[in-house]
Amino acid sequence: MKRALSWLLTKLAGTQIDAFTVFGRTVWLTPAHKIIERFDNAEDALRGLRQLTRHEAKHVEQQKREPILFYPKYLWQLIRHGYQNAPYEREATEAEGE
Ligand SMILES: [Zn+2]
């Protein structure tokens with residue numbers, strides 16, 4: 001179920017998701033070596049990992065805020081606004097910092 005939901009959301013988002021929050025406090029992360037491959041050096045890779053962690057922590061916080069509504073709302077936001085402009089995603093992106 002988790003994998004199916006993750007796959008579905010990835011398809012709906014129409015983009016490669018680096019990291020994705022699934023059910024409660026379980027956060028699925030892209031393997032570190034794949035993230036590191038995208039950056040030129042360790043400093044940039046670590047900065048990317050910190051940003052992803054803050055992004056996903058915000059999604060965990062959103063789920064705690066709205067434990068029942070989070071997933072239906074998230075799906076609706078993806079359909080209505082697209083990945084980049086979904087309110088939950090915008091909030092998580094703002095939380096990434098630097
Ligand atoms: Zn996100």
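## Helix α3

Helix α3 comprises 24 residues, and the distance from its first C-alpha to its last is 34 Å, close to the 34 Å expected at 1.5 Å a residue. The model described here is a predicted one, and within it the buried residues of α3 are H55, E56, H59, Q62 and Q63.

## Crossing of α3 and α5

Helix α3, which covers residues 42-65, meets α5 with axes that come within 7 Å and cross at roughly 135 degrees. Because an angle of this kind falls outside the parallel, antiparallel and perpendicular classes, α3 is oblique to α5. On the side of α3 the contact is made by R54, H55, K58, H59 and Q62, while α5 contributes Y88, E91, A92, T93 and A95. The crossing in which α3 passes α5 is right-handed.

Two descriptions of α3 can be read together here, since H55, H59 and Q62 are listed among its buried residues and are also listed among the residues that make the contact with α5.

## Helix α4 and the loop that follows

Helix α4 spans residues 70-81, and its twelve residues, taken at 1.5 Å each, should span 16 Å; the end C-alpha atoms are 16 Å apart, so the expected and modelled values agree. Just after α4, G82 adopts a positive phi of about 85 degrees.

The loop between α4 and α5 also holds A86, which counts as buried because it has 21 C-beta neighbours inside 10 Å, where 20 or more are required. When its neighbours within four places in sequence are left aside, A86 is in contact with Q77, L78 and H81. The C-alpha atoms of A86 and L75 are separated by 9.3 Å, the two residues lying eleven residues apart along the chain.

## Overall organisation

The secondary structure of the protein comes to five helices and two strands, and from the N terminus on the elements follow the order α-β-β-α-α-α-α. Of the 98 residues of the protein, 10% count as buried. Among contacts with a separation of 6 or more, 51% are accounted for by residues 24 or more positions apart.

## Confidence of the prediction

The mean pLDDT of the protein is 78, with 63% of its residues reaching 70 or more. Among the elements, the lowest mean pLDDT, 58, belongs to helix α1 (residues 2-13), whereas the highest, 95, belongs to helix α5 (residues 87-95), the helix whose axis comes within 7 Å of that of α3.

Note on methods: Residues numbered from 1 in each chain as written. Predicted model: local features only at pLDDT ≥ 70, side-chain atom pairs only at ≥ 80, totals over all residues. pLDDT = per-residue confidence, 0-100. Helix = DSSP H or I, 4+ residues; strand = E, 2+ residues; numbered from the N terminus. Expected span 1.5 Å × (residues − 1). Buried ≥ 20, exposed ≤ 12 C-beta atoms within 10 Å, placed from the backbone. Contact = placed C-beta atoms within 7 Å. Axes fitted to C-alpha atoms, helices over the stretch in contact; angles between N-to-C directions. Parallel < 35°, antiparallel > 145°, perpendicular 65-115°, else oblique. Left-handed = near helix turned anticlockwise from the far one by under 90°.
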